[in-house]
Amino acid sequence: MLSFFRATTLMLVAGRWVLPAASGEANLKSENVEIHIIDDNFFLKWNSSSESVRNVTFSADYQILGTDNWKKLPGCQRITSSKCNFSSVELKDVFEKIELRIRAEEGNNTSTWYEVEPFVPFLEAQIGPPDVHLEAEDKAIILSISPPGTEDSIMWALDRSSFRYSVVIWKNSSSLEERTETVYSEDKIYNLSPEITYCLKVKAELRLQSRVGCYSPVYCINTTERHKVPSPENVQISVGDQAYVLKWDYPYESTTFQAQWLRAFLKKIPGNHSNKWKQITNCENVTTTHCVFPRDIFSRGIYYVRVRASNGNGTSFWSEEKEFNTEVKPIIFPPVISMKSITDDSLHVSVGASEESENMSVNQLYPLVYEVIFWENTSNAERKVLEKRTDFTFPNLKPLTVYCVKARALIENDRRNKGSSFSDTVCEKTKPGNTSKTWLIAGICTALFSIPVVIYVVRVFLRCVKYVFFPSSKPPSSVDEYFSDQPLRNLLLSTSEEQTERCFIIENASIITEIEETNEVDEVHEEYNSQASQDSGNYSNEDENSGSKISEEFLQQDSV
């Protein structure tokens with residue numbers, strides 16, 4: 001056991017004492033007094049500088065602080081070495097302070113007592129290494145761990161069920177792939193490979209006191225070959241309103257299963273509790289990979305369940321144990337909401353399950369109701385309704401109005417009224433009504449008829465702007481006629497002269513020229529006459545008649 005004490009050493013005091021010197025004898029002294037407490041093992045050690053002196057012994061006494069009743073410390077009387085074991089001391093309470101004193105002796109000569117500083121055994125004690133027993137399966141190792149100390153230990157009497165154990169395990173062929181797990185005194189390490197040598201070491205812990213012990217020696221064991229009947233995997237339990245549903249995975253058919261349960265607190269008590277497992281009602285010799293059993297078979301608390309398979313070839317090892325708490329309600333996920341406009345005054349709402357809740361089969365295990373909150377988007381007034389249906393309609397709504405909705409799932413008849421969180425808010429606009437359509441058509445028609453009017457007004461306006469701000473530099477034709485050269489000459493001629501003027505052409509060469517000139521004069525004269533007639537109100541055809549006569553005469557002469 002002393003080999004384990006090297007990890008933790010308690011130095012209480014460093015002292016020395018000296019025996020009175022006899023005739024010519026050397027002084028005797030001792031120093032560095034140390035106390036080691038490992039579980040229920042008490043050791044007293046010191047270093048002596050007078051080992052060369054023969055017949056020197058050491059003795060120690062103890063007392064409970066405040067009693068003033070020193071007693072001889074068992075195992076530490078007349079010790080010739082520099083250490084003693086006083087584990088046999090009878091202590092009624094490891095939480096009481098103890099005083100120690102020690103002296104050196106040689107024959108009838110003794111040194112003065114040296115008193116060690118008082119200490120509380122429980123506070124100074126260190127957790128020793130546990131004893132470990134291993135048993136192999138194909139994919140697991142069964143651990144049986146004995147708590148530190150003995151069965152009658154007074155040091156850990158109140159903490160034996162509080163120990164947790166930290167296991168470091170690795171393949172013997174590769175110490176680099178270490179894996180650490182926390183286990184109970186009777187537990188399993190899963191997810192191993194068949195026919196592999198594994199090694200491990202274990203240490204005990206008291207987590208509430210933040211006290212960690214030292215590791216045990218290394219233990220090694222070989223896992224067995226792969227079992228003919230594999231164990232069920234992925235064991236899960238779901239809590240329903242009136243029942244539990246236990247599920248697991250298994251690759252083969254034509255197999256029967258059985259399931260057992262164990263109270264979790266038994267795992268904290270050291271010892272073998274394999275005979276404490278009990279059969280689960282309705283889960284014995286089932287041929288499906290699930291079973292349903294009533295909730296009333298379990299009282300409040302934490303439990304473990306396990307499953308194994310059987311067929312014509314044999315029975316599998318037990319599956320990995322699954323822990324569950326009967327007081328913990330399962331998580332209910334928020335629903336998924338969709339909303340669609342049906343008419344101008346109603347909206348259809350559909351409530352669906354999220355992907356998470358579908359995986360957990362919440363809708364099948366619990367009778368759910370939905371708390372739905374509905375409101376107009378521009379108003380803070382909310383309508384709250386409870387619906388068992390997943391499809392329903394909100395009637396009597398306003399046309400062309402945006403409405404919003406959100407919902408959450410509640411467990412029916414749950415007094416605590418615990419449920420999911422609210423879903424995402426969904427908004428939708430109602431369709432337009434008949435009145436809205438009429439106004440829409442009237443508006444379109446008005447717009448179509450008003451477009452030409454607007455175009456005409458714009459054109460008139462542009463013409464006015466152009467006339468006012470951009471006038472034309474050329475005078476009007478009615479004004480320009482009076483300023484032309486030819487009409488001015490005609491204004492100087494009297495009407496009588498125009499009527500009596502005649503032109504005679506003798507030569508043929510000049511006929512065309514004279515005729516053109518006469519025509520030009522006639523045209524101007526006619527234009528003048530038309531103007532004059534408009535001014536005077538009289539109109540004459542003399543010029544036309546005279547012109548026609550002259551033309552006839554010229555034609556006759558030409559023919560001659």
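Partly exposed denotes a relative accessible area between the buried limit, under 20%, and the exposed limit, over 50%. The model treated here is predicted.

**Exercise 1.** Classify the two cysteines of the Cys199–Cys220 disulfide as buried, partly exposed or exposed.

Solution.
- Step 1: the sulfur atoms of Cys199 and Cys220 are 1.9 Å apart, and the two residues form a disulfide.
- Step 2: Cys199 has a relative accessible area of 2%, so Cys199 is buried.
- Step 3: Cys220 has 45%, so Cys220 is partly exposed.
- Step 4: the pair links distant parts of the chain, with Cys199 in strand β16 and Cys220 in strand β18, 21 residues apart.

**Exercise 2.** Determine the handedness of the disulfide that joins Cys283 to Cys291, and the burial of both residues.

Solution.
- Step 1: the S to S distance of Cys283 and Cys291 is 1.9 Å.
- Step 2: the torsion about their S-S bond is about 95°, so the disulfide is right-handed.
- Step 3: Cys283 is buried at 1% relative accessible area, and Cys291 is buried at 3%.

**Exercise 3.** Assign the geometry of the aromatic pair Trp261 and Phe298.

Solution.
- Step 1: the ring centres of Trp261 and Phe298 are 5.2 Å apart, and the cut-off for a pair is within 6.5 Å.
- Step 2: the planes meet at 85°; angles over 60 degrees count as edge-to-face, so the pair is edge-to-face.
- Step 3: Trp261 lies in strand β21, and Phe298 in the loop between β23 and β24.
- Step 4: Trp261 is buried at 11% relative accessibility, as is Phe298 at 7%.
- Step 5: both residues belong to one aromatic cluster, together with Tyr244, Phe293, Tyr303 and Phe324.

Methods:
Residues are numbered from 1 along each chain as its sequence is written. This is a predicted model: local features need pLDDT of at least 70, side-chain atom pairs count only at pLDDT 80 or more; totals for chains, interfaces and linings use all residues. Side-chain values use heavy atoms; hydrogens and water are left out. Rings of Phe, Tyr and Trp (its six-membered ring) pair if their centres lie within 6.5 Å; planes under 30 degrees apart count as stacked, over 60 as edge-to-face and the rest as tilted. Helices (H or I, at least four residues) and strands (E, at least two) are DSSP runs, numbered from the N terminus. Buried means under 20% relative accessible area, exposed over 50%, partly exposed in between (1.4 Å probe, protein chains only). A disulfide is a pair of cysteine sulfur atoms within 2.5 Å.
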